[in-house]
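Visitor: Could you take me through a close look at one part of this protein, the charged side chains that pair up and their surroundings?

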Amino acid sequence: MKVTSREVQRDFARIRSVAASGETVRVTSGGVEVVFRRAPVASWQGALKGKVEIVGDLHTTGLDWEASQ
């Protein structure tokens, strides 16, 4: 989707929902083009991928858990 900066100011909610759906939004203003797109969701568990194995259930309360390393 390609819009001008004025359209973003007037209809931000609609353009934000388009970007949130995964479509790239290109905003032009005075010869400059800025590209917006949905960022991947960051997860702290991704930082541990391949390094340790989580043992136990982290989503229940009261249970002990430990990492393998």
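Guide: Glu33 is a good place to begin, and at 39% relative accessibility this residue counts as partly exposed, a class that lies between buried, under 20% relative accessible area, and exposed, over 50% (1.4 Å probe, protein chains only). The model is a predicted one, in which local features need pLDDT of at least 70 and side-chain atom pairs count only at pLDDT 80 or more, while totals for chains, interfaces and linings use all residues. Residues are numbered from 1 along each chain as its sequence is written, and side-chain values use heavy atoms, with hydrogens and water left out.

Glu33 forms a salt bridge (a side-chain nitrogen of Lys or Arg within 4 Å of a carboxyl oxygen of Asp or Glu) with Arg26, where the closest N and O atoms are 3.3 Å apart. Arg26 is itself partly exposed, with a relative accessible area of 36%. Through shared partners, salt bridges join Lys2, Arg26 and Glu33 into one network.

The Lys2 side of that network is a salt bridge to Glu33 whose closest N and O atoms are 3.7 Å apart. Because Lys2 lies in strand β1 (residues 2-4) and Glu33 in strand β3, this pair ties together parts that are 31 residues apart in sequence; strands here are DSSP runs (E, at least two residues), numbered from the N terminus. Lys2 counts as exposed, at 58% relative accessibility.

A search of the whole structure finds three salt bridges, among them one in which the side chains of Arg14 and Asp11 meet at 2.6 Å, N to O.

Key: Helices (H or I, at least four residues) and strands (E, at least two) are DSSP runs, numbered from the N terminus.
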